[in-house]
Amino acid sequence: MAVTHWLQLALTEGIGPILTSRLVSAAGSAQAACVADRRLLRDIEGIGPAKSQQIYDALRRAADSVDAELARAEAANVSIICLEDETYPPMLKSISDAPPVLYIRGNLEPRDLNGLAVVGSRRCSHYGREQAERFGALLAQAGFTVISGGARGVDSSAHRGALSLGSGRTIAVLGSGVDVAYPPENAALFDQIAGRGAVVSEFPLSSPPLRENFPRRNRIISGLSRGVLVVEADIASGALITARLACDSHNRPVFAIPGRIDNAMSAGPHALIRDGAVLVTGMEEIIENLGPLPHEISAGPTEVPQDSEPPLLPIPLDERQRKIVETIDSEPTALDTIIARTELPAERVMQDLTMLTLRGVVKRVDGQNYVCTARFREQSAE
């Protein structure tokens, strides 16, 4: 299995995701990289003659640990996926330092492609917790998977907000092994998340929550997400690291919720807004400033012209979505009218309208009114 070779590389001391990528590229495959000789290792940038013997020995030691790690994962009901697996998240795969393997408690699903990160301070105010939970619920209601870091404060509140809806999904990315609850009081929350989404980490089982793990964890939160929403954070917060990664390295939009000017936890969001982040007061600003829902990513983020209409995804509409589209007139149709005509629950209609908007099938105009896009009308006429 390909995962065994990628796991061996991930367990090798002295090489991270970037060196692993260079080694696999030079060797031709993960399997060949695992038995690379010193000559090949010497020619790899970042290893060279000085570290070639050290990495050569480390690769062999890691090979002896793979079977035991796989057995421990199976016993803990944890799955391990690698970059070659179809289930590996395509948004995450597109970043330059994607983790070679992911440990997963729970399950990743295709709909997690429509994920949005909600991050902020561990020491947030009551307002911060309130807004994180509010937006966690609003995002889940609109069909997004809420992604965060499982920490105290904003992260935990965002996860709980998503879980407050029966259909809500959320992913927690940890700075420890997925079998290590940190903070300890979130053990029950992580169990809930695993049952309704996934608890994810790149770190081996039993890895402690070391300080240096969390900046690495932050890039995964950003990499999994279509955008990052910052709730409350001071200037030195790790949430701002996630936001900067999203903007500067991953080409993802950054959103920020404004706060009280006399609250130190507002300094981070306010600095982001000053630097061009989207000021958010409701779901409208988030949906309007996201690009089209990605459906196929090979290498690097997809650039979408801001003035273009989102391309239609090659995904057929299900029965409920088609029923919704058929209730929309040639003129803008009010949300209440669509709900009344379909006789569907309001929550379901709102979720589907969000997905249809992201797919480029409908667009919202004049508040809560919807029309079918010209592209969709042309496609339907063919």
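This report covers the sheets, a helix pair and a cavity in a predicted model.

**The sheets**

One open sheet has 9 strands. Their order is 1-2-6-5-4-3-7-8-9, and the pairing is mixed. Strand 1 (79-82) and strand 9 (278-279) form the edges, each pairing on one side only. Inside this sheet, strand 7 (residues 228-230) and strand 8 (residues 254-256) run parallel, joined by 3 bridges. V230 stands opposite A256 of strand 8.

A second open sheet has 3 strands in the order 10-12-11. Here the pairing is antiparallel. Its edge strands are strand 10 (333-334) and strand 11 (362-365), and each pairs on one side only. Strand 10 is joined to strand 12 (residues 369-372) by 2 bridges, and the two run antiparallel. A334 has N369 in strand 12 as its bridge partner.

In general, strands of a sheet pair through backbone hydrogen bonds, either parallel or antiparallel.

| Strand pair | Direction | Bridges | Paired residues |
|---|---|---|---|
| Strand 7 and strand 8 | parallel | 3 bridges | V230 and A256 |
| Strand 10 and strand 12 | antiparallel | 2 bridges | A334 and N369 |

**Helices on the strands**

Helix 8 lies across strand 3 (115-119), strand 4 (145-148) and strand 7. Helix 8 runs at about 140° to strand 4. Helix 10 (residues 187-196) also packs on the sheet. Helix 10 touches strand 2 (101-106), strand 5 (169-173) and strand 6 (197-201). The direction of helix 10 makes about 115° with that of strand 6.

**Helix 8 against helix 9**

Helix 8 (residues 126-141) also packs with helix 9 (residues 154-163). The angle is about 35°, and the axes are 7 Å apart. The crossing is right-handed. Helix 8 brings G128, R129, A132, E133, G136, A137 and A140 to the contact. Helix 9 meets them with V154, S157, A158, G161 and A162. By class, the contact has 6 nonpolar, 4 polar and 2 charged residues. The charged pair is R129 and E133, both in helix 8.

**The cavity**

How many cavities of 30 Å³ or more does the structure hold? There is 1. The largest cavity holds about 50 Å³ of space. Its lining consists of R122, G149, A151, L174, G175, S176, Y182, P183, F214 and R217. By class, the lining divides into 5 nonpolar, 3 polar and 2 charged residues. R122 and R217 are the charged residues of this lining.

Terms used. Residues are numbered from 1 along each chain as its sequence is written. This is a predicted model: local features need pLDDT of at least 70, side-chain atom pairs count only at pLDDT 80 or more; totals for chains, interfaces and linings use all residues. Side-chain values use heavy atoms; hydrogens and water are left out. Axes are lines fitted to C-alpha atoms, for helices over the stretch in contact, and angles run from 0 to 180 degrees between N-to-C directions. Helices (H or I, at least four residues) and strands (E, at least two) are DSSP runs, numbered from the N terminus. A crossing is left-handed if the near helix is turned anticlockwise from the far one by less than a right angle, and right-handed if clockwise. Contact means heavy atoms within 4.5 Å. Ala, Val, Leu, Ile, Met, Phe, Trp, Tyr, Cys and Pro count as nonpolar, Asp, Glu, Lys and Arg as charged, and the others, Gly among them, as polar. On a 1 Å grid over the protein atoms alone, a cavity is a set of points where a 1.4 Å probe fits but cannot get out, and a pocket is an open set with protein on both sides within 12 Å along at least five of seven lines; lining residues have an atom within 4 Å of a point. Grid points are joined across faces, edges and corners, and a volume is the space filled by probe spheres set on the points. Two strands pair if DSSP finds at least two bridges between them.
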